[in-house]
2 protein chains.
Amino acid sequence: MKPLRLFHYNSSMEKEIFRDFLSRKGLKLTKERQKILDEVFTLHGHFDPEGLLERLRRREAKVSKASVYRTLPLLVQCGLVEQVERDGKHARYEHTFGHGHHDHLICVKCGRVIEVFSPKLEAIQDDLCRESKFNGITHTLEIKGYCQSCERCCLSSPQ
Amino acid sequence: MKPLRLFHYNSSMEKEIFRDFLSRKGLKLTKERQKILDEVFTLHGHFDPEGLLERLRRREAKVSKASVYRTLPLLVQCGLVEQVERDGKHARYEHTFGHGHHDHLICVKCGRVIEVFSPKLEAIQDDLCRESKFNGITHTLEIKGYCQSCERCCLSSPQ
DNA sequence: ATGGGTGCAAATTGTTTGCAACTTA
DNA sequence: TAAGTTGCAAACAATTTGCACCCAT
């Protein structure tokens with residue numbers, strides 16, 4: 001993990017990671033998988049399969065919906081992408097490599113997402129895992145509530 | 001909130017809370033809603049709409065699938081139930097009243113769920129919200145990894 | 001060349017909804 | 001009795017899958 005930080009961020013690193021992962025499982029790095037990987041790391045922030053597909057279409061990239069749905073779990077499995085929220089029916093993802101781990105404050109009124117990070121919080125989670133003899137790999141923390149502007153303008157509205 | 005702790009836990013309290021919530025919104029406490037509420041507080045642990053419906057059927061309770069799906073959001077809205085995980089397609093819930101807030105360590109190998117709680121962690125979350133001027137209402141923390149027994153026996157198996 | 005991968009369209013499946021009849025406040 | 005609620009079945013929408021052809025390794 002450490003050495004990576006010494007280099008200038010290189011956009012082909014995630015491709016190498018993905019390729020390694022695939023070959024270790026006897027799978028292939030096809031053009032479609034590459035296009036999907038590129039798009040995921042080009043866009044910053046969260047995305048859902050639908051939106052990703054749309055972005056791919058808006059460029060040249062001809063990738064089918066099925067391939068998007070088949071590739072996302074692979075990206076999650078090899079740790080390049082995380083599933084961050086599943087509100088209603090939509091699964092939402094974000095890429096994690098070169099992005100840094102963080103948690104989310106989600107406004108239930110306007111949907112805004114604020115990214116936060118606290119080393120102390122990470123440390124306490126390690127403690128919790130240790131106490132339960134649990135080998136924690138990843139975690140998701142989502143705090144739902146009201147962001148500043150919704151708090152200000154909608155205080156007394158119903159719901 | 002305080003007075004409740006002074007009494008021995010009384011199974012009708014959640015009913016009162018639900019009734020109050022409903023009447024405040026001009027809704028009614030129907031037999032179906034009561035049966036659903038009872039079942040949710042009878043079962044301990046997590047559940048999904050499907051499983052809840054099955055349990056209801058296994059007793060006398062004639063409640064339709066539609067009513068289950070229509071009632072669960074109400075229970076969430078009034079704070080008696082929380083949505084805790086959404087893995088694959090299934091939404092999972094648990095009741096919170098008389099149960100105490102806690103977070104989850106989820107084993108990705110065997111699916112076991114360990115409940116944990118840390119006041120320090122809660123406090124740090126409050127800090128995070130304050131820094132972002134965010135009014136946090138609820139939160140969900142899920143740490144995924146390997147529980148002790150899966151760690152022991154499956155260390156080198158693929159995936 | 002061979003085994004995995006793709007696109008398409010059809011199938012699945014969890015969840016939502018329209019509606020006529022029924023209950024609760 | 002007025003307004004919300006139910007059950008049913010049909011509608012939806014996100015995701016998955018079968019299959020014939022295609023392409024990395």
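These notebook entries record what I looked up in a predicted model of two chains, A and B.

**Ground rules.** I worked with a predicted model, in which local features need pLDDT of at least 70 and side-chain atom pairs count only at pLDDT 80 or more, while totals for chains, interfaces and linings use all residues. Residues are numbered from 1 along each chain as its sequence is written, chains are lettered from A and ligands numbered from 1 in the order in which they are written, and side-chain values use heavy atoms, with hydrogens and water left out.

**Entry: the sheet shared by both chains.** I began with strands, which are DSSP runs of E of at least two residues, just as helices are runs of H or I of at least four, numbered from the N terminus; two strands pair if DSSP finds at least two bridges between them. I found an open sheet of six strands in the order β5(A)-β4(A)-β6(A)-β6(B)-β4(B)-β5(B), with mixed pairing. Its edge strands are β5 (113-116) of chain A and β5 (113-116) of chain B, each of which pairs on one side only. From one strand to the next the twist averages 20°. Within chain B, I noted that β4 (residues 103-107) pairs with β5(B) in the antiparallel sense over four bridges, and that B:Asp103 has B:Val116 of β5(B) as its bridge partner.

**Entry: helices across that sheet.** For contact I required heavy atoms within 4.5 Å, and for angles I used axes that are lines fitted to C-alpha atoms, for helices over the stretch in contact, with values from 0 to 180 degrees between N-to-C directions. Helix α6 (residues 119-131) of chain A lies across β4 and β6 of chain A together with β4, β5 and β6 of chain B, and runs at about 130° to β6(A). Helix α6 (residues 119-131) of chain B lies across β4, β5 and β6 of chain A as well as β4 and β6 of chain B, at about 125° to β6(B).

**Entry: the interface.** I recorded 38 residues of chain A in contact with 37 residues of chain B. The two chains bury about 3,200 Å² between them, 63% of it on carbon and sulfur atoms, where buried area is the accessible area (1.4 Å probe) that two parts lose on being put together, summed over both. On the chain A side, A:Arg86, A:Leu128 and A:Phe134 lose the most area to chain B, together 19% of what that side buries.

**Entry: the three-stranded sheet.** In chain B I found an open sheet in the order β1-β3-β2, with antiparallel pairing. Since β1 (46-47) and β2 (81-87) stand at its edges with a single partner strand each, one side of each is left without a neighbour in the sheet. Six bridges join β2(B) to β3 (residues 90-95) of chain B, and B:Glu85 is bridged to B:Arg92. In chain A, β2(A) and β3(A) pair in the antiparallel sense over six bridges, with A:Ala91 as the bridge partner of A:Arg86.

**Entry: the cavity.** I then looked for cavities, each a set of points on a 1 Å grid over the protein atoms alone where a 1.4 Å probe fits but cannot get out, with lining residues having an atom within 4 Å of a point. Points are joined across faces, edges and corners, and a volume is the space filled by probe spheres set on them. The search gave one cavity of 30 Å³ or more, with a volume of about 40 Å³. Its lining includes A:Glu82, A:His101 and A:His139, and β6(A) gives the most to it, with three residues.

How values were computed
On a 1 Å grid over the protein atoms alone, a cavity is a set of points where a 1.4 Å probe fits but cannot get out, and a pocket is an open set with protein on both sides within 12 Å along at least five of seven lines; lining residues have an atom within 4 Å of a point.
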